[in-house]
Amino acid sequence: MTLWQALHWREPLWLLLALFPLLLAAWGYFQQRHQAQTYADLHLLPWVQITASQHGWCKWLSPQTLWAIAWLLFAISLAGPRIPQTQPDDLRPAQFDVLVVLDISRSMQATDLAPNRLQRAALELHEFLSLAQGSRVGIVVYGARPHLFVPLTNDANAVRFYLQHLETLVLPTLGTDHAAALGFAQQELAARKQTLPAAVLWITDGDIPADQHAALQTRVQALQAAGIPLYSLGVGTEDGEAIPLPGGKWLEHDGQAVRSRLDSALLQSLSTQAGGAYSAVKDDASDWQTLYTNGIAQVFPATASNAQQWRELYVWTLLLGMVCVWLAVWMRHDEN
């Protein structure tokens, strides 16, 4: 494709200004011809007309001609000549919201993952934020009741700031209600003003009492009906660990230490039902490979940018026009 075939005009109507010098020249020619005919008959005109003494390029490159060329170039600049730029790999990052539902109940203080489950969850969230750049992320924390800890925001540094205070966060109630937390997250997503696609990232130790399984099934079905996939990160081990209490004691039941265990099978089942995925915390990056790279990022992929990129050419015609103006002024000054 030649340059002329690829050429586009941003405001083509400005090209009509280029006709002005031609109209002015035509009007001057006929005006001069009319004056000459009133002065002498046509067959006598060659005898009375004075021929210009200039020769070569000076005969054609008069100040008037330079002004006309400058006008033409300025009209072309205003019309905005440009050619398209090919960018086949230009992708626009996907825009979506991820609301993290973070379990901070007492069992998250267990130390089967160093330094403990809650601090490990915070470290995992830092890794997640580095992956989910450009997306809005919010955090809901919960024990017996859910609370909005960080509203949805594009500011990852703000989320990191709040995560520094996670360990010192004290909820007013004891216990754990996982279903209520997921329901609260769904309500928060439904109340958004921006209707971006969304996902719920549930981070929990998976220590879920049997009497909450039915409520969780109902909540997962609601998420599925709303088109909100559920991704779960299990923070704990299936061997479990005793739950520590302040003062160096352990949470006990009937004189025995209560042991909190990760129920991976249940989390896997719930996540799959809601169109998401599950992974336990891993020491390598395979957990986020499952949840984000092969999960969330695949559900909300980057899209091809529809914005055409252009190479603007008006600057060249504008510079040439300015050179013509300078030459016209210089020649006029030289004649004087």
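**Two sheets and the helices around them**

In this predicted model, six strands form an open sheet in the order E6-E5-E4-E7-E8-E13, with mixed pairing. Two strands pair here if DSSP finds at least two bridges between them. Helices (H or I, at least four residues) and strands (E, at least two) are DSSP runs, numbered from the N terminus. The edge strands of this sheet are E6 and strand E13 (278-280), each of which pairs on one side only. From one strand to the next, the twist averages 15°.

A friendly word on the ground rules comes next. Residues are numbered from 1 along each chain as its sequence is written, and side-chain values use heavy atoms, with hydrogens and water left out. Because the model is predicted, local features need pLDDT of at least 70 and side-chain atom pairs count only at pLDDT 80 or more, while totals for chains, interfaces and linings use all residues.

At one edge of the six-stranded sheet, strand E8 (residues 230-234) and E13 pair in the parallel sense over 3 bridges. Ser232 stands opposite Tyr278 in E13. Helix H11 (residues 286-299) packs on the sheet, touching E4, strand E7 (198-204), E8 and E13, and its direction makes about 170° with that of E8. Contact means heavy atoms within 4.5 Å. Axes are lines fitted to C-alpha atoms, for helices over the stretch in contact, and angles run from 0 to 180 degrees between N-to-C directions.

The other edge strand of this sheet, E6 (residues 146-153), includes Thr153. What does Thr153 touch, not counting residues up to four places away in sequence? The contacts of Thr153 are Ser135, Arg136, Val137 and Val159. The C-alpha atoms of Thr153 and Ser135 are separated by 8.0 Å, although the two residues are 18 residues apart along the chain.

Val159 also appears in a helix contact, between H6 and helix H7. H6 and helix H7 (residues 156-163) pack at an angle of about 175°, with their axes 11 Å apart. These two helices are therefore roughly antiparallel to each other; angles under 35 degrees count as roughly parallel, over 145 as roughly antiparallel, 65 to 115 as roughly perpendicular and the rest as oblique. On the H6 side the contact is made by Ala122, Leu125, His126, Leu129 and Ser130, and on the H7 side by Ala156, Val159, Arg160 and Leu163. By class, the residues of this contact divide into 6 nonpolar, 2 polar and 1 charged. Here Ala, Val, Leu, Ile, Met, Phe, Trp, Tyr, Cys and Pro count as nonpolar, Asp, Glu, Lys and Arg as charged, and the others, Gly among them, as polar. Between strand E4 (97-103) and helix H6 (117-131) runs a loop that holds Pro115. Most peptide bonds are trans, but a cis peptide bond joins Ala114 and Pro115, with omega about -5°.

Helix H9 has contacts with both H8 and H10. The axes of helix H8 (residues 178-190) and helix H9 (residues 213-225) come within 8 Å and cross at roughly 15°, and H8 and H9 are therefore roughly parallel to each other. His178, Ala179, Leu182, Gly183 and Gln186 of H8 meet Ala215, Leu216, Arg219, Ala222 and Leu223 of H9. This contact has 6 nonpolar, 3 polar and 1 charged residues. With helix H10 (residues 264-273), the axis of H9 comes within 9 Å and crosses at roughly 30°, which makes H9 roughly parallel to H10. His213, Leu216, Gln217, Val220 and Gln224 of H9 make the contact with Leu266, Leu270 and Gln273 of H10. By class there are 4 nonpolar, 4 polar and no charged residues in the contact of H9 with H10.

A second open sheet has 3 strands in the order E1-E2-E15, with antiparallel pairing. Its edge strands are strand E1 (8-9) and strand E15 (309-312), each pairing on one side only. Strand E2 (residues 81-85) is joined to E15 by 4 bridges and to E1 by 2 bridges. Arg82 of E2 is the bridge partner of His8 and also stands opposite Glu312 in E15. The bridge partner of Ile83 in E15 is Arg311.

Finally, the structure holds 8 aromatic pairs. Among them, Phe20 and Trp71 form a tilted pair, 5.1 Å centre to centre with 35° between the planes. Rings of Phe, Tyr and Trp (its six-membered ring) pair if their centres lie within 6.5 Å; planes under 30 degrees apart count as stacked, over 60 as edge-to-face and the rest as tilted. This pair links distant parts of the chain, with Phe20 in helix H2 (residues 19-39) and Trp71 in helix H5 (residues 63-79), 51 residues apart.
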